[in-house]
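Q: I would like a close look at one part of this protein: its nonpolar core and the helices that pack around there. Please take me through it step by step.

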Amino acid sequence: MLSTLVNTNLIKINLSATNKDELFQELVNLLHENNRIDDKAKFLADIKQRESDSITCMDGIAYPHAKSTAVLEPAIAVGIKKATIEYGDEDGNEPSLFFMIASPDNGADHHIYVLQELFGKFGDEFIEAMHNATTEQEALDVLLSDQF
């Protein structure tokens with residue numbers, strides 16, 4: 001499923017964001033530039049609303065997601081940052097790897113299956129491999145690898 005949701009144009013290996021709001025804006029811009037969403041403000045509001053319900057972060061990885069009418073085509077925007085970003089997690093987790101999941105608000109639970117597949121990959125070796133990627137293609141190869 002992941003191979004249909006992400007490509008090198010939806011990956012940024014050197015995020016410039018220094019805080020959570022900048023991070024969200026940077027990943028939303030990727031989704032919009034690649035015609036996966038049609039309304040940046042609406043999708044950003046939906047992401048922030050979902051995050052206000054429960055912070056989506058664990059073990060150095062954040063996975064903000066939302067079902068939204070702004071989504072034209074399901075997608076994952078991937079961001080990698082060498083430094084961590086303060087994310088507001090109650091356990092103090094500060095992620096450096098980010099997966100923003102855009103799902104259409106059509107009643108389907110598409111995002112559940114995406115999260116399930118991603119969670120199967122999450123771990124220290126995966127994070128290290130993603131951080132070691134020097135190109136978006138390398139990051140995509142790691143993400144789609146059966147090794148993790």
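A: What follows goes from the core to two helix pairs, and then to some single residues.

A word of caution comes first: this is a predicted model.

Start with the core. The largest nonpolar core has 52 residues. Within this core, Phe43, Ile76, Phe99 and Phe126 touch the most other members. Several helices give two or more residues to the core: α1 (20-33), α2 (40-53), α3 (110-119), α4 (124-132) and α5 (136-144). Strands do so too, namely β3 (61-62), β5 (75-80) and β6 (97-104).

Take Phe126 from that list. Set aside its neighbours within four places in sequence. Phe126 is then in contact with Ile61, Leu97, Phe99, Lys121, Val142, Leu143 and Phe148. One of these, Phe99, is also among the core residues that touch the most other members.

Ile101 gives another view. Ile101 is found in strand β6. Its relative accessible area is 0%, so Ile101 is buried. Beyond its neighbours within four places in sequence, Ile101 is in contact with Phe43, Ile47, Pro64, His65, Ala66, Ala75, Ile76, His111, Val114, Leu115 and Leu118. Val28 is 73 residues away from Ile101 along the chain, yet their C-alpha atoms are separated by 9.9 Å.

Now the helices. Two packed helices are described by the angle between their axes and the distance between the axes.

First pair: α1 and α2. Their axes come within 10 Å and cross at roughly 135 degrees. An angle over 145 degrees would count as roughly antiparallel, and 65 to 115 as roughly perpendicular. The angle here falls in neither range, so α1 and α2 are oblique to each other. Their crossing is right-handed. On the α1 side, the contact is made by Lys20, Asp21, Phe24, Gln25, Val28, Asn29, Leu31 and His32. On the α2 side, Lys40, Phe43, Leu44, Ile47, Lys48 and Glu51 take part. By class, the residues of this contact divide into 6 nonpolar, 3 polar and 5 charged.

Second pair: α4 and α5. These helices pack at an angle of about 160 degrees, with their axes 8 Å apart. Angles over 145 degrees count as roughly antiparallel, so α4 and α5 are roughly antiparallel to each other. The crossing of α4 and α5 is right-handed. Phe126, Ala129, Met130 and Asn132 of α4 make the contact with Glu138, Ala139, Val142 and Leu143 of α5. This contact has 6 nonpolar, 1 polar and 1 charged residues.

Back to α1 for one charged residue. Is Glu26 buried or exposed? Glu26 is found in helix α1. Its relative accessible area is 10%, and buried means under 20%, so Glu26 is buried. Apart from neighbours within four places in sequence, Glu26 is in contact with Lys12, Leu15, Ser16 and Ala17.

Last, the loops. Asn35 is placed in the loop between α1 and α2. Its phi is near 55 degrees, a positive value in a residue other than glycine. With a relative accessible area of 56%, Asn35 is exposed. Asp59 is found in the loop between β2 (57-58) and β3. Phi of Asp59 is near 50 degrees, again a positive value in a residue other than glycine. Asp59 counts as exposed at 54% relative accessibility.

Gly88 is found in the loop between β5 and β6. This residue is partly exposed, with a relative accessible area of 41%. The C-alpha atoms of Gly88 and Ile61 are separated by 13 Å, and the two residues are 27 apart along the chain.

Definitions and conventions: Residues numbered from 1 in each chain as written. Predicted model: local features only at pLDDT ≥ 70, side-chain atom pairs only at ≥ 80, totals over all residues. Heavy atoms only, no water. Core = buried A, V, L, I, M, F, W, Y, C linked by side-chain atoms within 4.5 Å. Buried < 20%, exposed > 50% of the residue type's maximum accessible area, 1.4 Å probe, protein only. Helix = DSSP H or I, 4+ residues; strand = E, 2+ residues; numbered from the N terminus. Contact = heavy atoms within 4.5 Å. Axes fitted to C-alpha atoms, helices over the stretch in contact; angles between N-to-C directions. Parallel < 35°, antiparallel > 145°, perpendicular 65-115°, else oblique. Left-handed = near helix turned anticlockwise from the far one by under 90°. Nonpolar A, V, L, I, M, F, W, Y, C, P; charged D, E, K, R; others polar.
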